[in-house]
Amino acid sequence: MPVPDPLEAEPLALPRQPPPPPKSGFPLLAVLVPLVGAAILFAVVRSPYMLAFAALSPVIAVAGVVDGRISARRRRRADERTFAAEAARYREDVAVAHERERRMRDQQHPAASSLVSDAEHRPRRWAHGDDDFAAVRIGTGRTTSALTVSGSAASERDRELLVAARTIADVPIVADPSDGIGLIGLPPVARAALRGLVVQLAHSHPPGAMAIVAPPDEAYDWLDDYPHGASPQHEPLVLRILDDTGDGARGEAPAGQVTAATPVGRGGASARSATLAVAERVDELPAGCRLVAEVSADGRLTVLAPAHAVGELRTELVTAQTAAAFGRELAASARTRGVDLGRPLPSTVRFAELPAVEPANGTGLMAVVGRTASGTLQLDLVASGPHAIVTGTTGSGKSELLITWVLAMAAIAAPDAVNFLLVDFKGGTAFRRLAALPHTVGVVTDLAHGEAARALKSLRAELRRREAKLADLAASDIAEASGALPRLVIVVDEAAAMLAAFPELSELFSDIAARGRALGVHLILGTQRATGVLSDALLANCALRVSLRVASDSDSTALLGTDAAARLPHGVPGRLVVARDGDLLIAQAATVESADVEAVVRAHSSASRQRAPWLPALPDVIPLRAFGAPPAGAVVIGAGDDPDRQVQEGVVYRPARAHLLVLGVRGSGKSTVLATISSQWTGSVIAVPAGIEGAWDAMTRAESLLHSRQDDDRGCLVLIDDVDALLDRFDDEHRDAMAERIRSLLVDGPRAGIAVECTAAMLPTGLRSVAGRFGERLLLRQADKQEHVLSGAPADLYDPSAPPGRGVWHERAVQVAMTDVPAPESEPSSASRRPPVLTFPPASLTLVVTRSPGALVRRLRVVFAELDVVDLGEVGTGLGRTSPESLVPAPEPGSVSVTEDGRAVVVVGDADVWQANWTLLGRLRQRSTLVFDGCTLAQVRAILHARVLPPPAQAGHVIVCDSSMEFTRATLPA
């Protein structure tokens, strides 16, 4: 018989034995030394008193010996009293420790009479799992204590104290029923002792974990109400009761029941079994009973085997009436916990095997989702709800149950009667199969990047729409609307994780839970646990509660009021407990296959898709042709998302009312915005190119329009792409001039019918003073969230991975429309059009200021043989080749002259040479054309002696200035 597990107890120490008194001898030296001293003194002083003093020495020694023995006797008596007191305290401590240990053992293995009568044991009822049988209390007796004692037993008294501490009486003696327990004695007495063991096992193991199989004898009718005897083929533990006290037929089970030779188990595996047998003699017990005990009529139990076990014990004799009453109590408790006492549940149920149900009459949402032991499991979200919670740990079948529930409702109700909005916070894998249902109005799989806020607004808008619709129908709730509104079922998988990530949705779901019944909006929230993660306001309105297997008793009790969900088997996904209308049911959910979904879709193939209450996200690409013709004087930029009104409509921009600024990083779609606008505009368009020449010329034309009356009353658009990068390409003077031109257009453009549309990564410094003139702003993707917010957009609309064209317009998300029409080039100056080639008419004089005069002279002489090309740096002023009078009105000696045959003259020099001959330059300038090749603005101004601003020229182009100070561009001849 096994020894009980040691219980923790404080160690005690044995009392210390008093040490033996030391033996004291006669003090001979103390007597002799005074005698010798007295003799010496007497010889010196010759006094008789010295002899008297010597006589006192033996007397004092004898007195000391007597006093030492008296003191030793007193110490010995005091030590004995101290030891007796310590031993008494030790026995008291042992008694207290034994009493504490006795209570602990009683709590671990309570008596059968205590289990039947005391309610304090009910919280621990059915707490033992199905791994193995719980130990049973066969009686009360003496056994080894778990109390530890320190110290060694050196004497008989120590051994007595040690035995008193290590032996405890009146404690439960337990045994393992799987070893087999055989009781012999008079049949009524042995059966009474057996009933006590059965009561203990029925208290420890829940129905479904243990089955009890008893002989078909009226002596065991008290087992009729026990909830453990219904289906032994499906329980992992089987308790077999064998009775050979009468004729041999009593030990045999009837047909269909388990016998000693019948293999039992689940799924073909052998179940663990235990045997409790009663007989009148030892030789009548079945083989395998390792513990054999004899029971007497007065309750004494004598253990006969094993031989080393304790001998005589006191056992309990439980009457059949008491055991039957306990069985009825267990049955009532089983029903309270949702245990069905009928036939066993199947481990799997196919959706196609469920019986068909007639379509609902419009007032409910009936769904057949599985089977109970007595029939089908039908859930009505309207009658038992209006909202439901489904809990279950990972692998318990929670997501599969949600799919089954949705498909079961769709199989009965038409799409115009119920719609489903499916929210999968795990990535969309769970509800992907249900997207084909015509009842499904949305499958939401991602709430990041502002989608949570959009969902919040969309659902609130749906509630407002339903309220307005019911008000128009003069109906107090959806039941009175006569089918004008379909019911909306919002199914959320992993609701707790979603609400934890987006707390703002918790208030919305609580609002839906409170008002959903009247508005026809229902929630089915799936979560691993509801305790502590769903608000009390939300839980209070979820009357229909379904729980698959959960991890702890507290999670099950908090949701269902019972720990039944924590007792569901681990290896059976889909096994669930339903709490509805005050009742508890255990059922097996059905599993859905692809063919089941296809069958429901075919059944409603003629139905059209319903209006979606939850708008899908804006697509990444929207063609411009998806929109109709824009209003007069306006263009469509793209599609705007307005969840507050549950619409996605075109975003209209009216250039006559405001300028437009588009901000965004590279690749965000800024150029697309300008192309979309220009492709729709019916008036004139000045598209400012990216090159400095074309940009300058385009702005020159726009400036001329600003100061003249337009012929086109439809207005003009000035499109400037990447204005910040464009201004950076100019030198300081031209940059300031360009910025000033843009500022002029922003300030005075509306009066002339000119609207400016600029794009930029960041507004340039030169334009920040007129930033307020941009009446409209489109904010595309920014570099980071801080720039997004500083630009004036809501933080929840920031998306670092936004596609090109995704932006914010008037605090709403927008997607820019794509057009196939390229942006028009500016007229008449185009970046792709080259300036004319520089020509030299006959008898003309051209002065060229260049950075490379030698190279240009050689180039002109090769290309134009008829030209008279003069290198001013080589010849200076002493050419004298023709009459200077023909070149200047008042020629001077040493001046440059033209040829007599009327050929054109080209004088070439760098800026320094020309300034060194500035007097000659002044006389020649009146009849000549100046050409600047690669000169800086300072050099141009120094040569012209005027603070002018010629147009910029790119490499390979020259600036031509005629005598009237008009500037043009040209290219040098090849």
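A residue counts here as buried under 20% relative accessible area, as exposed over 50%, and as partly exposed in between, with a 1.4 Å probe and protein chains only. The model on screen is predicted, so local features need pLDDT of at least 70 and side-chain atom pairs count only at pLDDT 80 or more, while totals for chains, interfaces and linings use all residues. Residues are numbered from 1 along each chain as its sequence is written, and side-chain values use heavy atoms, with hydrogens and water left out.

**Backbone stops**

Most residues other than glycine have a negative phi, and most peptide bonds are trans. Select Glu811 to begin: its phi is positive, about 60°, although it is not a glycine, and at 55% relative accessibility the residue counts as exposed. Glu811 is found in the loop between β33 (806-809) and β34 (812-818), where strands (E, at least two residues) and helices (H or I, at least four) are DSSP runs numbered from the N terminus.

Go next to Glu494, in the loop between β20 (487-493) and α10 (495-501); its phi is also positive, near 60°, but Glu494 is buried, with a relative accessible area of 11%.

For the cis peptide bonds, select Ala305 and Pro306, joined by a bond with omega near 0°, Pro306 lying in the loop between β12 (300-305) and β13 (312-314). Then select Gly385 and Pro386, whose cis bond has omega near 15°; Pro386 is found in the loop between α7 (381-384) and β17 (388-391).

**The six-stranded sheet**

Now display β36-β37-β35-β38-β39-β40, which in that order form an open sheet with mixed pairing, two strands being paired if DSSP finds at least two bridges between them. At the edges stand β36 (868-871) and β40 (967-971), each with a single partner strand, so one side of each is left without a neighbour in the sheet. The twist averages 25° from one strand to the next, taken from axes that are lines fitted to C-alpha atoms (for helices over the stretch in contact), with angles running from 0 to 180 degrees between N-to-C directions.

At the β36 edge, four bridges join this strand to β37 (residues 905-909), and the two run parallel; select Asp871 to find it opposite Val908 in β37.

Add helix α20 (residues 853-863), which lies across β35 (845-850), β36 and β37 and runs at about 165° to β36, contact meaning heavy atoms within 4.5 Å. Finish with helix α24 (residues 937-944), lying across β35, β38 (928-933), β39 (957-961) and β40, at about 160° to β38.
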